[in-house]
Amino acid sequence: MNRHEIVQQVKEMSVFCDVEGIADALKITPQAVQDILDGKDIEIQETEVDNQPVIQVKTTTMVHRQKIIAVWRAKGGVGATSVAMTLARQISEKMTTILLDLNFEEGGSDLLHYLDMPRYPQMKLPDNIWDRVEEVQNNLYVMHPITHVVGQEKITPQDIQQLILNARQEFDAIVLDLPNGQDECILEAVKNANALALVMTSGRQEGFRAAKLASMFNSKKQIFVANAGLKEKQVKEVVPAEQIIVIPYDKSLDDKLEKQIPVSVKSPFYHGVKGIYETIFDEEFDEVPEGKFKELIYNTKGIFKRSKKKSRPVINRFKDSFGAVGSLAGSIFYAGSLLLVVVAALITIDSVTDINIPFINLITSKLK
């Protein structure tokens with residue numbers, strides 16, 4: 001049995017068995033099982049004791065324990081999808097992450113719009129998770145949600161459990177974007193998570209509802225997220241203050257999301273969500289050295305993708321009318337558009353002064 005097979009079996013069995021049961025079944029030590037569940041890298045050595053094969057598992061490098069984070073809400077319209085999306089983006093800076101949109105009854109949340117992803121009718125969960133995911137930026141994957149149709153066979157809690165199990169085998173971290181509700185599928189999703197973030201935007205009464213939801217899952221790490229400028233003192237009478245993360249009001253957030261512009265790493269909202277990351281992972285969130293350049297590339301790709309989509313009908317008509325000359329003109333147009341988009345993105349992105357590219361500095365100085 002190789003390393004991949006042992007890790008996969010331990011993760012699959014952990015859904016149903018405790019550490020001792022897994023160790024007994026696989027003939028390895030309980031400590032080895034715990035090390036695998038904690039995300040530690042391992043080496044496998046097969047030896048013989050009394051002519052019997054014995055598998056020895058040795059820990060090598062410590063990494064993060066696999067995180068499954070449920071982002072939930074006590075009512076709709078509190079910005080939970082924005083929190084889930086931004087949190088997943090931050091985690092993907094450190095490890096391979098998947099964002100699962102579980103807003104089935106609504107046929108998908110605003111997530112597809114925010115990320116400018118195509119909408120495909122999906123009637124059931126995939127047998128192979130890779131058939132339904134799209135990489136939206138480096139290390140960040142999003143699964144297309146189920147489109148709810150009246151009369152179709154409903155998703156079951158067993159389906160949710162299997163989906164999360166499949167994701168655990170492929171990704172280092174999982175973020176669940178959950179709708180407002182308490183049906184059996186939502187509860188099953190939270191049950192399979194090991195951290196819970198409850199997002200709210202108003203005070204005491206909403207705090208009571210969020211606390212009631214959290215009380216069903218006391219064994220999990222819990223965070224109450226005071227979003228959109230909600231003050232800590234408005235909810236701390238209901239929940240412990242050490243479990244509250246405050247996200248400041250960001251007046252530009254809604255406009256950026258509607259225009260499908262990624263949240264800037266310098267925005268108040270982004271910094272607020274960092275507090276969720278730091279609480280869950282018990283470490284300070286540091287941008288990777290190339291983080292600003294990644295944001296630039298991500299912005300540039302999004303702008304070019306949208307401009308290409310809008311200009312494609314015009315280019316196609318030109319090609320039909322002028323044949324090969326039209327194709328050449330279309331290629332030149334796309335190349336020129338891309339160059340303009342790159343230059344515009346370099347000039348306008350929030351962190352341009354930190355990039356320090358000589359020719360862009362020259363352009364911006366001429367424009368002043």
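**Exercise 1. The sheet**

Task: Give the strand order of the open sheet of eight strands, and find its edge strands.

Solution. Start with the order: the open sheet of eight strands reads β5-β6-β4-β7-β3-β8-β9-β10, with mixed pairing. Strands here are DSSP runs of E, at least two residues long, and helices are runs of H or I, at least four residues long, both numbered from the N terminus. Two strands pair if DSSP finds at least two bridges between them. Next, look for strands that pair on one side only: these edge strands are β5 (133-137) and β10 (244-246). Last, the twist averages 25° from one strand to the next. For such angles, axes are lines fitted to C-alpha atoms, for helices over the stretch in contact, and angles run from 0 to 180 degrees between N-to-C directions.

The model is predicted: local features need pLDDT of at least 70, side-chain atom pairs count only at pLDDT 80 or more, and totals for chains, interfaces and linings use all residues. Residues are numbered from 1 along each chain as its sequence is written, and side-chain values use heavy atoms, with hydrogens and water left out.

**Exercise 2. Strand pairs**

Task: In which sense do β5 and β6 pair, parallel or antiparallel? In which sense do β8 and β9 run?

Solution. Take β5 first. With β6 (residues 140-143), β5 forms four bridges in the antiparallel sense. One partner pair is Glu134 and Val142, the latter in β6. Now move to β8 and β9. They run parallel and are joined by six bridges. Ala195 has Lys221 of β9 as its bridge partner. Finish with β9 and β10: three bridges, parallel sense. Here Phe224 stands opposite Ile244 of β10.

**Exercise 3. Helices on the sheet**

Task: Which strands does helix α8 touch, and which strands does helix α10 lie across?

Solution. Begin with α8 (residues 204-214). This helix packs on the sheet and touches β3 (67-73), β8 (195-200) and β9 (221-226). Its direction makes about 165° with that of β8. Then take α10 (residues 268-281). Helix α10 lies across β3, β8, β9 and β10, at about 170° to β9.

Now add handedness. The unit β8, α8, β9 is a right-handed β-α-β unit. Right-handed means that, with the strands pointing away from the viewer, the path from the first strand over the helix to the second runs clockwise.

Task: Why is β9 described as largely enclosed by the rest of the structure?

Solution. Count its buried residues. Five of the six residues of β9 are buried, so the strand is largely enclosed. Buried means under 20% relative accessible area, exposed over 50%, and partly exposed in between (1.4 Å probe, protein chains only).

**Exercise 4. The cores**

Task: Which residues have the most contacts inside the largest nonpolar core?

Solution. Define the core first. A nonpolar core is a set of buried Ala, Val, Leu, Ile, Met, Phe, Trp, Tyr and Cys residues joined through side-chain atoms within 4.5 Å. The largest one has 42 residues. Those with the most contacts inside it are Trp72, Ile98, Leu100, Leu176 and Leu178. A second, separate core of 41 residues includes Val71, Met85, Met95 and Leu99.

Zoom in on Leu100. Leave aside its neighbours within four places in sequence; its contacts (heavy atoms within 4.5 Å) then include Met143, Leu163 and Ala167.

**Exercise 5. Ala74**

Task: Is Ala74 buried or exposed, and where does Ala74 lie?

Solution. Locate Ala74: the loop between β3 and α4. Check its accessibility: at 12%, Ala74 counts as buried. List its contacts beyond four places in sequence: among them are Asn180, Val199 and Glu206. Finally, its C-alpha atom is separated by 9.8 Å from that of Thr201, 127 residues apart along the chain.

**Exercise 6. Positive phi**

Task: Where do Ala228 and Asp282 lie?

Solution. Recall the background: most residues other than glycine have a negative phi. Phi of Ala228 is near 60°, a positive value. Ala228 sits in the loop between β9 and β10 and is partly exposed, at 41%. Phi of Asp282 is near 55°, also positive. Asp282 sits in the loop between α10 and α11 (291-348) and is exposed, at 63%.
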